[in-house]
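Colleague: Could you take me through a single part of this model in detail, strand by strand, and tell me what surrounds it?

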Amino acid sequence: MSMKLRDLIRKVRACKTASEERAVIAKESAMIRTAIREEQEHYRHRNVAKLLFMHMLGYPTHFGQLECMKLIASPHFPEKRIGYLGMMLLLSEEADVLMLATNSLKNDLNSDNRFVAGLALCTIGNLATSDMSRDLVPEVDKHLKSSQPYLRKKACLALTRCLVKCPDMVEDFVDRVVSLLKDRSHGVLITVLQLMTQVLVIDQENAEEEGYDDPTETPCRIAFAKLVPALVKLLRNLLSMGYSPDHDVGGISDPFLQVQILTLFRLLGTGDEKASEEMNDVLAQVATNTETSKNAGNAILYECVQTIMAVESEDGLRVLAVNILGRFLLNRDNNIRYVALNTLSRLLKQEEQDGAADDEEENANTASSALQRHRSTVVDCLKDPDISIRQRALELIYHLVNSENVEALTAELLNYLVLCPREHRSDICARILRVVERYSPDDRWRVDSLITMLTIAGRETAREVQSAIIVYISRSEEDLRAYSTHKLLTAIRDDDGSQRGLLTVGIWCIGEYGDLVLSPYSYTPPPSENGSSDPITFMALAPSEVVDTVENVTKRHSCTEMVKQTALTAFTKLSDRFSDKGDPATCERLHALVKKHESDHSLELQLRSCEYDALLNAVKGIRIAPPAASNDDDIFGVTDNGGGAVSDAVKSAAKEALARMPVVDLKVMQRKQAAESFADSDMLGESSGSSPAKASKGGAHRDPFGMEDIFGGAPAPAATDAVKQQQQNGGGEPAQKEASDVDLLADIFSAPPAAAPAAPAADPFAPAPAAGGVADPFAPAAPAPAPVNPMDLFGGPPAPAAMQPPSVDPFGAPAPAQPMSAPAPAPGSQPKGPVRVPGFSHGGLMVEFECRKPDTWNKQKTELVARFKNTTNDALYGLSLQVAVPKFCTMKLEPPSSTTVPVTVGDNVKVTQKISVENSQLGTKNLMLKVKVGFTSQGTKIDHMATCNQFPAGQY
């Protein structure tokens, strides 16, 4: 016999471990299942009650769903109550058994017992599906006219659920909702207002779907807008009502009804000036007279602020709303402060979108100007121990910054940078950079702020931020460069080596402007508010002291490879800066520091060291002789043992390479970013049939087959294209490409990008540009062709011209060593039988394609059979073939007949793979495949990629 509910609760509470509890629940569940099978009706309501308790504990109770259906059909009210409660908790609207309850709900809605009808209405409000809503809405409508407020308020909530599930029925109940607003019961009024709110939301969605030009002109909206005066009168009555024990909460008359009215005001006043004007006075009355000592009053004020900011309210009312939120910031409750900060941030974002923030000088009554009065309160929130409060205040401060308060708020942000969690510093540094860039009063203050930021959070500063700081320093005047380099050198000396961003930026500036720190520097800032300012003075340094500072950084165990690379470049540049300072010992020391990394384990450092050593020797006029190769061929083109002097042209080019970097032109950089972003969007969004003018921007070469967005960057233009471009430019150098050839989608098989055409380079050791067009001073030096023979640096004769390939591969993939060409039939003729087209041969695996036309009426469709031949002495295992086609083709790739390729004897091919291809532009563009094959040969995994473009023209 099953136990009672109270006994089950006692037994569960007596369990000391989770396993004991599971055992008790499992045993009782088994007994309940037995009772269900045996149809023990007198224990049914007890069993469902126990299932509800198990459901609260998180145990499965789905087997009791049908018992709930049986209980709601019972004529006894206690059993109905348990049945409806179980139905609302154990079932969801997706349950299939829910449709069985429709008839019982309809019968109970027509019951004379108001409590039975109330249970049915509650269930409809929680579980009604669209089908149930259509079937039961007439019965729900009857209860809207009931004489009992108990049923009217439940019917309003049930109707809300029905309209959500069936939005097309909204217009049928607009008049009924309007009549219910005159009800005198507070409970009915709250539910009617909730129903009106939901109806307005549904009506707005329907208006958007139906394509209304003005969503405020729908019949539902027009009918509800006429009720604004009645709603204003109702809210005023609540404000002037005396003490009522039935509705008083914390000394405020029915705050729930007030909040619901304000929410409805917000929906009715959005975009409606007439309705907003009618509710402005009562909103001001609510904002002024509501008590804030209780939480109920704060809830009403918060909803009032939301409404004021959403409707077409007056400027004075918006200032009042901001002042209310400012009072919230002084509250001791962190929840209220968080809500205030969040609302203020959202408010300022909305003003920025509307353009009100731009007219702040003309109109001082905007929300942003009113918020400036509470700036100190917002700043104090940065010192709150709650991290969520600090983060919200930080977001708000970013929106508060303008040209007048940028210095004070940036100082607060830098102070917070010291205390904030380390994982947030990178984002804060990027935001500080944007604030300083936009509102900086002068260049010196900008540099001071950014250097201070590096000394605080240089470890977490992003690479892009470091590059931007260097751009600002390089664009400044010579006086400010000297000041920045002196200050960075002092900061590096005081640092313990942990601020890597500071070290990178500082060492770069020392390398570029190291000659400026050899002279003393003095600067007197303008007088402050106190009327006095101390001069800033830096002593002159000797060249050896500058070198010691950088060398000490590289000797630390914590020094990263990036900092070492920057220091190596700085040593090379300093050797040129100090060459005329009368300190040959320091210059020799710098040369030795450059050669120190010639055998470093880092390939990048080793490469830089060797190249910089050659560069310094070229500046000195010394020709070097590298060691001969093992095959007795001199890879540098040197025919003697070195020594002697280099030409004046090489010396001049080497000196030019060590000169200061050219100033970055921000306008050119911004235009390049805009062009690249446009090219990227064009690449991602345009179809293969776009016009050539749109596909090729600025004369840049584009893929004639429309496959560039699949297989990586564009191929290198042919020599004839370069000659034509040169002729168009008046015989000068070939025009440089404006659009980037880098494909954002990259190669789907990670193939190496196609080589870009050579462009004239003035500085072979200049840093490479970063993504997005911003010059990155820390990128590894990339070899670039010089106007003269690059081998002249080592004193060798010109290198022989390379053999030109017979054809250009539009995919940028290497051509096979042995070209396997098939005779192509005339464009108009059709092959009599299957045509075999050679694919590729690699690692003992040879692939050829057998081409057939399966349908004589569909010439665009081709069936390719890949035939795999094994020319090794052992079987090949794990065969996999991946194929990609241009976007004007569609492809279906079937699995291979086997993943093991045995040794092929003669033409007896045993492994094939079928590929169905349809060329939608047959006759205009030829079929070509990008294939990647993988297999294991004698225990070695082999991957190979190739391009197959030798299909007969005009046939496939």
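Modeller: In this predicted model, strand β11 is joined by nine bridges to strand β12, which covers residues 940-948, and the two run antiparallel. One place to see this pairing is Thr936, which stands opposite Lys941 in β12. The hairpin that β11 and β12 form has two residues between the strands, and in this hairpin Gln938 takes a positive phi near 55 degrees.

Strand β11 also pairs with strand β8, residues 876-884, through seven bridges, and this pair likewise runs antiparallel. Here Leu876 stands opposite Ser937 in β11. With bridges to β8 as well as to β12, β11 can be followed on the display from either partner. As for burial, β11 spans residues 929-937, and seven of its nine residues are buried, so the strand is largely enclosed by the rest of the structure. When you look at its side chains, it may help to keep in mind that in a regular strand they alternate between the two faces of the sheet.

For a contrast in secondary structure, you could turn to helix α22, which has 14 residues, 406-419, and reaches 20 Å from its first C-alpha to its last, close to the 20 Å expected at 1.5 Å a residue. Its buried residues are Val406, Leu409, Thr410, Leu413, Leu414, Tyr416 and Leu417. Seen down the axis of α22, these buried residues fall within an arc of 160 degrees, so they line one face of the helix. What covers them includes α20 (375-380) and α21 (387-400), along with α23 (422-439) and α24 (443-457).

How values were computed
Residues numbered from 1 in each chain as written. Predicted model: local features only at pLDDT ≥ 70, side-chain atom pairs only at ≥ 80, totals over all residues. Heavy atoms only, no water. Helix = DSSP H or I, 4+ residues; strand = E, 2+ residues; numbered from the N terminus. Expected span 1.5 Å × (residues − 1). Buried < 20%, exposed > 50% of the residue type's maximum accessible area, 1.4 Å probe, protein only. Arc of directions from axis to C-beta. Contact = heavy atoms within 4.5 Å. Pairing = 2+ DSSP bridges.
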